[in-house]
Amino acid sequence: MKGKKLSLVSSLLITLAAVLVVLSLFFPWWQMVFFAPQYPEGLNIIVYPNKLEGEIDIVNGLNHYIGMENFSEENFPELAYLSYLVIGLAAITLVTAILRRMALLYGLIGLFVIGGTLGVLDLMAALKKFGTNLSPTAPITIDPFVPPILGHNTVANFVTESILGYGSYFLIAAFILLLIPLWKDRKR
């Protein structure tokens, strides 16, 4: 298989990207923090690629009053298989580093873009589902809403901050490391 070969430095950068992808599994990818006068320290929903953590029971208890469905791992089937997809992506990244072929790097970057886009769209759909499918028999009636993926939003007396977790930053850094060889080895 002939084709443009990547430099050794580029191969090392891609290997580092594979390590960052694996490391991302051990850190939160996304988080929502809910602030209110009665919760000035904030309540968290912390999303890892394979689990949810935080004060989920308290948030679910409060969400009951506005008729929102409970946050639970059962409501996010992606958490059952996402880790395997990430491990597969890390393996493909490592194979790209070993084979050092520019064509493979283009394909890998495409996988990152597609995976990232699908992840964002999935999160947007989940946020829309939770914020707009409110029970009409809830004790408190509010207008449907969609929390932002990043930033803040106010519902009643709660201000919600949505932020990326360290795991997402590792994935972003891995993606940037994959782009460097495109520039570095462009004339090889």
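Here is a guided walk through this predicted model, from its sheet to a helix, then to two loops and the salt bridges.

Let us begin with the sheet. Strands of a sheet pair through backbone hydrogen bonds, and they can do so in a parallel or an antiparallel way. In this model, five strands form an open sheet with antiparallel pairing, and reading across it gives the order β3-β2-β1-β5-β4. Two of these strands, β3 (52–54) and β4 (151–155), are the edges, each pairing on one side only. From one strand to the next, the twist averages 20 degrees.

If you have the structure open, β1 is a good place to start, with β2 and β5 as its neighbours in the strand order. Its pairing with β2 is antiparallel and runs over six bridges. A hairpin of two residues leads from β1 to β2, and Ala 36 has Tyr 39 in β2 as its bridge partner. The pairing of β1 with β5 is likewise antiparallel, over six bridges. There you can find Phe 35 opposite Val 159 in β5. Moving outward from β2 (residues 39–47), you come to β3, joined to β2 by three bridges in an antiparallel arrangement. One pair to look for here is Ile 45 with its bridge partner in β3, Gly 54.

How well covered is β1? This strand is mostly covered, with six of its seven residues buried. Gln 31 is a nice residue to zoom in on, and you will find it in strand β1. Because its relative accessible area is 18%, and buried means under 20%, Gln 31 counts as buried. Its side chain has a polar partner, making a contact of 2.5 Å with the side chain of Asn 44. Leaving aside residues up to four places away in sequence, Gln 31 touches Asn 44, Ile 45, Ile 46, Glu 161, Ser 162 and Ile 163.

Now turn to helix α4. This helix covers residues 102–132, and its 31 residues should span 45 Å at 1.5 Å a residue. The C-alpha atoms at its ends are 45 Å apart, so the expected and modelled spans agree. The buried residues of α4 are Met 102, Leu 105, Leu 108, Ile 109, Phe 112, Ala 126, Leu 127, Phe 130 and Gly 131. What lies over them? The cover for these buried residues includes helices α1 (8–23), α3 (78–99) and α5 (166–184), together with strand β1 (30–36).

Two loop residues deserve a look for their backbone angles. Most residues other than glycine have a negative phi. Arg 100 is not a glycine, yet has a positive phi of about 55 degrees; look for Arg 100 in the loop between α3 and α4. Ala 156 also has a positive phi, near 55 degrees, and sits in the loop between β4 and β5 (158–164). Is Ala 156 buried or exposed? With 66% relative accessibility, Ala 156 counts as exposed.

Finally, consider the charged side chains. Side chains of opposite charge can pair when their charged atoms come close. How many salt bridges does the structure hold? There are three. In one of them, the side chain of Lys 51 meets that of Glu 53, at 3.0 Å from N to O. Glu 53 is partly exposed, with a relative accessible area of 31%, and Lys 51 is also partly exposed, at 31% relative accessibility.

Another salt bridge brings together the side chains of Lys 129 and Glu 69, at 4.0 Å from N to O. Lys 129 belongs to helix α4, while Glu 69 is in the loop between α2 (56–64) and α3, so this pair ties together parts that are 60 residues apart in sequence. Lys 129 is partly exposed, with a relative accessible area of 30%, and Glu 69 is partly exposed too, at 34%.

The remaining salt bridge links Lys 184 with Asp 185, whose closest N and O atoms are 3.5 Å apart. Which partner is buried? Asp 185 is buried, with a relative accessible area of 0%, whereas Lys 184 counts as partly exposed at 34% relative accessibility.

Methods:
Residues are numbered from 1 along each chain as its sequence is written. This is a predicted model: local features need pLDDT of at least 70, side-chain atom pairs count only at pLDDT 80 or more; totals for chains, interfaces and linings use all residues. Side-chain values use heavy atoms; hydrogens and water are left out. Two strands pair if DSSP finds at least two bridges between them. Helices (H or I, at least four residues) and strands (E, at least two) are DSSP runs, numbered from the N terminus. Axes are lines fitted to C-alpha atoms, for helices over the stretch in contact, and angles run from 0 to 180 degrees between N-to-C directions. The expected span of a helix is 1.5 Å times one less than its number of residues. Buried means under 20% relative accessible area, exposed over 50%, partly exposed in between (1.4 Å probe, protein chains only). Contact means heavy atoms within 4.5 Å. A polar contact is a pair of N or O atoms within 3.5 Å; within protein, one must be able to donate a hydrogen and the other to accept it, and residues adjacent in sequence count only if both atoms are side-chain atoms.
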